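Please open the model in your viewer and keep the selection panel at hand. The stops below can be taken in order, each beginning with something to select.

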Amino acid sequence: MTFPVEVMAEPWTGNVQPLLHEVYHALKRLLESGEVTVIDLRALPLAPGEEAKIEEKLGKGEVHARIDALGPSEIVETGIAGVWLVTHYNAEEEILGRYIEICRIPAILESQDQDIEYGMDDMEALLETR
Amino acid sequence: MANDKSLIEILKNRGVSRRAFLKFCTTTASMMALPPSMVPAIASALEKARRPSVIWLSFQECTGCTESLTRSHTPTIEGLIFDAISLDYHHTLQAASGDAAEHAREEAMKENYGNYLLVVDGSIPLDNPGYSTIAGISNLDMLKETAKGAAAIVSVGSCAAFGGLPHANPNPTGAASVSDIITDKPIINVPGCPPIPVVITGVFLHYLTLGTIPELDELGRPKAFFGQNIHDRCYRRPFYERGQFAETFDDEGAKAGWCLYKLGCKGPVTYNACATVKWNQGTSFPIESGHGCLGCSEPNFWDMGGFYRALSEPILDVHRAAGIAAAVGAGAGLAVGVVNQMKKKRAQSKHETVTVDDFKEEA
Amino acid sequence: MTSAEFLLWVRGPGLQIATVIFAFGIILRFFEIFMMGRKKNLSAKRASGTGAGFRTVATRFLPADSETMRRSIFTIVAGYIFHIGLFVTLFLFVPHIQLFDALTGISWPGLPTPVVDFFAVISIIALLALMWQRLTKPVLRLLSTGHDHLVWTLTFLPLLTGYLAYHHLFIPYTWMLAFHILSVELLMILFPFTKLMHAFTLFVSRWYTGSMAGEKGVKV
């Protein structure tokens, strides 16, 4: 038994262009005042395929970082310098969040002060027992 | 017991770095439908948060709500939330039972009086307290007693929020919701059969981080998750608009993903996050899998006329009543008709004929 | 009462009450009318009136003679728009067809929803136009009674609330849908006791008018 497959018109929200404009203006603000902008992709209604289109338009850049903290996180600089794509996964590789960050470097990549403090504690123990 | 250690210290002891904590706060903001700019506020609130004591009471329920929340075995956000709270009593999950368990509950209540969060799933039978008891204590008594020192109550699942399945016609146990019984404490209703796990934890998180009750709608449900109805966010909406409906579950329309209105979808009157947040970490939701929405986060959804009867169809059978009414109408009509005919006959017999001469005489 | 409880009531007991009164009322009125009987026609029939009767039921759906059209063009056009619009919204909208299917077991194909939406809008405009005429033309104003305004309101409310509900305007959908159903129930309860009965009696009265003309030898 065969079932004819109908190719249906793709659903379309019209949010791709405005989003890209927002990214452009955020870049401008970044250069002028150093202001960082974070856009939560989950908060916008996007039809299936539109998120991929945004990624395609931004392209791939020079930096690819991976974090392992409570599950993996992928940080990628897109083809546009200053525009980063941050994806957080949990330990089961399910997506928890996707963000476009317009900044010099996403905050999550920086080493945190508190972690440095704990690291110093660890180093002290290391140095004592040598 | 509720810990004096702050959440951040607990995480450090677990080997969770501050970077991981930041990741947690970022995804939390997303889950609570808050903008990324709120992440610092959430982080600082969570840092200082002491683990609140939580007492979870399960009454007339199927345990689906607890299952929904605790399904995953590997660390997930939900799992972390559970660790972030001090779950002092949950008789399905805890190891102790009987007197030891009840003693633990009473201790937790005393120690944290006025500050603990009371979570309830399952409805409360009002007819005969014997229908549902724990350690010999009726649900009604346990609820009333435990609610006294609670800071707030979260009714998880449609049973606790609205009465749920036990409340369905004819309600043999006299099942009531938490808000039917407790009227002097803030109650957050998190309905659903079961509720989406992320919605449950989102509500806990809100209380944890901001220390307040989220904004609630007229039915006491958090607007962040229950503010939109399924129909308005359904991806099959264009088919509804065009008038393309599936007639059966396996016809061409169903295969093409057409609207399920005719197959009983209650999406238009159901307020929940299923169409956007979805289930199983955003995998799918009933309509996407081809079945109409049951309306499980609405009161009395079991009695809405049937899961497979469209919203425009009546709930009760009108045929018999209409038939009787028509028969009565016929009888009444006959009677009235007979009376009218008698009136006509009487008028005809009383009819006096006049001639022109009669008029001339009068003049 | 919450919106969910209200909706359950109008879809349940409310509809039962309305259907009972509606069924009772229609049957009652028909018995009353038919039992009054007609005066025996003592003149000799020139032709059979039966065919003429049925033909008249159909022909009276068409526009009237040119003189009547000239004098009452506004009422006639607005009347047609309203009645056709009401027919389309009531009988060719898929959710309504579902309702009739549940009540009678019969169903038929519907029109695409945007088409029905268009007919609902013109129907509402036509009703408003007719009310405007009734209030501004001196003779009509003089003749109008509370009864006329009542049946206009009973007919207008379901159309308006249905349109508002479908487009999710003003108040939450659940409330609007419940009000829509309630407005229909109100219409059903009062229907048999107002001139709205013309929806049923027109078939009877047109038949008799045609039959009388046919028996007199008029070519119908």
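What follows is a tour of a predicted model, chain by chain and then contact by contact.

**Stop one: chain A**

Select chain A and colour it by secondary structure, where you should find three helices and five strands. Followed from the N terminus, these elements come in the order α-β-α-β-β-β-β-α. Chain A has 130 residues, of which 20% are buried. If you consider the contacts in chain A between residues at least 6 apart in sequence, 43% of them join residues at least 24 apart.

Now recolour chain A by pLDDT, whose mean over the chain is 85, with 86% of the residues reaching 70 or more. Among the elements of this chain, strand β3 (residues 72-78) of chain A has the highest mean, at 94, and helix α2 (residues 50-58) of chain A the lowest, at 87.

Next, select A:Arg29, a residue of helix α1 (residues 16-33) of chain A. Is A:Arg29 buried, exposed or partly exposed? A:Arg29 counts as partly exposed, because 13 other C-beta atoms lie within 10 Å. Once its neighbours within four places in sequence are left aside, A:Arg29 is in contact with A:Glu35 and A:Thr37. To see how far the chain extends from here, draw a distance from the C-alpha atom of A:Arg29 to that of A:Leu127, which is 98 residues away along the chain, and the separation is 45 Å.

**Stop two: chain B**

Move to chain B, which holds 16 helices and nine strands. Of its 363 residues, 45% count as buried, and among its contacts with a separation of 6 or more, residues 24 or more positions apart account for 71%.

The mean pLDDT of chain B is 84, and 90% of its residues reach 70 or more. Confidence in chain B is lowest in helix α5 (residues 77-84) of chain B, where the mean is 56, and highest in helix α8 (residues 157-162) of chain B, where the mean is 96. Where pLDDT is low, the predicted coordinates should not be read in detail.

Colour the two domains of chain B separately, taking residues 7-225 as domain 1 and residues 228-313 as domain 2. Where they touch, domain 1 of chain B contributes 14 residues and domain 2 of chain B contributes 11 residues. On the domain 1 side of this contact, the elements that give two or more residues are α8 and α10 (197-210) of chain B. That side of domain 1 of chain B divides into 10 nonpolar residues, three polar and one charged.

**Stop three: where the chains meet**

Show chains A and B together, and select the 23 residues from chain B and the 23 residues from chain A that make up their contact. On the chain B side, helix α2 (residues 18-31) of chain B gives the most, with nine residues. By class, the side of chain B that touches chain A has 10 nonpolar, eight polar and five charged residues.

Which chains share the most contacts? Of the two pairs of chains in contact, the answer is chains B and C. Select this contact, which takes 38 residues from chain C and 40 residues from chain B. On the chain C side, the elements that give two or more residues are α1 (3-36), α5 (94-104), α6 (113-136) and α9 (173-190) of chain C. Among these, α1(C) gives the most, with 21 residues. The side of chain C that touches chain B divides into 24 nonpolar residues, 11 polar and three charged.

With chains A and C displayed, you will find that no contact joins them, and their closest C-alpha atoms lie 18 Å apart.

**Stop four: one helix of chain C**

Finally, select helix α4 (residues 73-91) of chain C and draw a distance between its end C-alpha atoms, which are 27 Å apart; this agrees with the span of 27 Å that its 19 residues should have at 1.5 Å a residue. Show the side chains of C:Ala78, C:Phe82, C:Gly85, C:Leu86, C:Thr89 and C:Leu90, the buried residues of α4(C). These residues lie on the same side of α4(C), because they cover an arc of only 120 degrees around the axis. An α-helix has 3.6 residues a turn, so residues three or four places apart point the same way. What covers the buried residues of α4(C) includes α5, α6 and α8 (146-166) of chain C. Turn to the other side of α4(C), where C:Ile73 and C:Phe87 are exposed.

Definitions and conventions
Residues are numbered from 1 along each chain as its sequence is written. Chains are lettered from A and ligands numbered from 1 in the order in which they are written. This is a predicted model: local features need pLDDT of at least 70, side-chain atom pairs count only at pLDDT 80 or more; totals for chains, interfaces and linings use all residues. Two residues are in contact if their C-beta atoms, placed from the backbone, lie within 7 Å. Helices (H or I, at least four residues) and strands (E, at least two) are DSSP runs, numbered from the N terminus. Ala, Val, Leu, Ile, Met, Phe, Trp, Tyr, Cys and Pro count as nonpolar, Asp, Glu, Lys and Arg as charged, and the others, Gly among them, as polar. pLDDT is the predictor's confidence in each residue, from 0 to 100. The expected span of a helix is 1.5 Å times one less than its number of residues. A residue is buried if 20 or more other C-beta atoms lie within 10 Å of its own, exposed if 12 or fewer, and partly exposed in between; C-beta atoms are placed from the backbone. The arc is that of the directions from the helix axis to the C-beta atoms. Domain bounds come from an automatic or database domain assignment.
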